[in-house]
Amino acid sequence: MSNPSLLILAGDGIGPEVMDQVKRIIGWFGYKRDMSFDVSEDLVGGAAYDKHGVPLHDDTMAKAQEVDAVLLGAVGGPAYDDLDFSVKPERGLLRLRKEMDLFANLRPAQCFDALADFSSLKKELVTGLDIMIVRELTSGVYFGEPRGIHIEDNMRVGINTQRYTEAEIERGARAAFEMAMKRGKKLCSMEKANVMESGILWRDVVTEVHADYPEVELSHMYADNGAMQLVRAPKQFDVIYTDNLFGDILSDCAAMLTGSLGMLPSASLGSPMANGRPKAMYEPVHGSAPDITGQEKANPIACILSFAMALRYSFDLGDEATRLEAAIETVLANGARTGDLMGPEGGTPLSTSQMGDVILEALDASIL
Ligand code: NAD
């Protein structure tokens, strides 16, 4: 059988810096675990614009459609802020998501014990926290028609339309139930069925899909209550399934329960390909961080954890993903910190590559 294939799009700013550490980790799995990946690299965002005049070349898009997984660093930066909207770096990212039809966005909110003090919540509320938010990514109010700003009775009116087909709700629900099956077998679906018809349909369809996953405990919650519960008692949740708009807000809210942007991975999954693997793109939640670019200050962990998600969700290497996550847990417990993770007590932060070094050492220790 051929090796799993991975397309690396490091992008702009700190993207290439954090991705360098991921490449070392991929190399480690090759040398030490005999797991080889067919890795190719290409340009996205401003880097692609500089070379091709577009933020994603057609050839790169075609490659992304063929590989088992895409791993993206970050796009954007001040040099590209004044570009026409159609060629802004973010358009490259959006094109990938759209043309790969990545409809399920997975945003874990996991609190590493050593970083519990970074949360905005009390330590006991977040210690051991491990939530997965599955956000529908390709439909809903961000895409629904009609939309726009119109003049009615001499007054401007802003219009966006929340529109969901049952097929769109269902495929995301299946992704969420599958996720719950691999985790704690608990799924909470969030909508506003009390005031929105799309919410009523959402609740009905999720309930129907539940019939195929009887082992999963399903609950429903209004999204506003969900937001309250996330900051009141977040550990009550395992997997949350919600729409594009609520998911955008709730996943950012959940992310802050865990501390730094430099720690947050994500995945976006689509339909299964011929080999049974879902179309997939993995990327840290953070952006290109121009304020620290080129200074070896970036925390590579979000990008490394994104690769761990690829191991688990694209390559069926859940044990190796756990090994990598455990190595990160170990180095954090031992006090390894990049600048973004320094507490008020201070100390000397590790550089990006020094953080890579200690994670590789912990991986070595894991196979002794
Ligand atoms: P950002 O995420 O790049 O940075 C926000 C803050 O967090 C900065 O102070 C930065 O130094 C810090 N930070 C981010 N990642 C870090 C890491 N790994 N280690 C340590 N510190 C980290 O968001 P921004 O400043 O609003 O945006 C900068 C650029 O990135 C913009 O051009 C924006 O459009 C783009 N952006 C891209 C993505 C993406 O590629 N997915 C996401 C968000 C923003």
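I take a polar contact to be a pair of N or O atoms within 3.5 Å; within protein, one atom must be able to donate a hydrogen and the other to accept it. I apply this to a predicted model.

**Entry 1: domains.** I looked up the division of the chain and found domain 1 (1–103 + 264–368) and domain 2 (130–257). Their C-alpha centres lie 26 Å apart. To the contact between them, domain 1 contributes eight residues and domain 2 contributes ten residues.

**Entry 2: buried area.** I then asked how much area is buried between domain 1 and domain 2. The value is about 860 Å², and carbon and sulfur atoms give 67% of it. On the side of domain 1, I noted Phe103, Leu264 and Tyr313, which supply 63% of the area that this domain buries against domain 2. No other three residues supply more.

**Entry 3: polar and charged pairs across the interface.** I searched the interface of domain 1 and domain 2 for polar contacts and recorded two residue pairs, both at pLDDT 80 or more. I sorted the domain 1 residues that touch domain 2 by class and obtained five nonpolar, one polar and two charged. My search for salt bridges across the interface returned one. I also recorded a salt bridge between the side chains of Arg171 and Asp101, with an N to O distance of 3.0 Å. Because Arg171 falls in domain 2 and Asp101 in domain 1, and the salt-bridge rule allows up to 4 Å, I assign this pair to the interface.

**Entry 4: ligand shell.** Which residues are closest to the ligand? I listed Glu90, Gly287, Ala289, Asp291 and Asn299, from a surrounding set of 21 residues. By class, I counted ten nonpolar, seven polar and four charged residues in this shell.

**Entry 5: ligand oxygen atoms.** I checked three of these residues for distances to oxygen atoms of the ligand. For Glu90, a polar side-chain atom lies 2.6 Å from a ligand oxygen. For Gly287, the atom is a backbone N or O, at 2.7 Å. For Ala289, a polar backbone atom is 2.8 Å from a ligand oxygen. Finally, I noted that the ligand taken alone exposes 810 Å², of which the protein buries 67%.

Note on methods
Residues are numbered from 1 along each chain as its sequence is written. This is a predicted model: local features need pLDDT of at least 70, side-chain atom pairs count only at pLDDT 80 or more; totals for chains, interfaces and linings use all residues. Side-chain values use heavy atoms; hydrogens and water are left out. Domain bounds come from an automatic or database domain assignment. Contact means heavy atoms within 4.5 Å. Buried area is the accessible area (1.4 Å probe) that two parts lose on being put together, summed over both. Ala, Val, Leu, Ile, Met, Phe, Trp, Tyr, Cys and Pro count as nonpolar, Asp, Glu, Lys and Arg as charged, and the others, Gly among them, as polar. A residue is near a molecule or strand if one of its heavy atoms lies within 4 Å of it. Accessible areas come from the Shrake-Rupley method with a 1.4 Å probe; for residues, only the protein chains shown count as cover.
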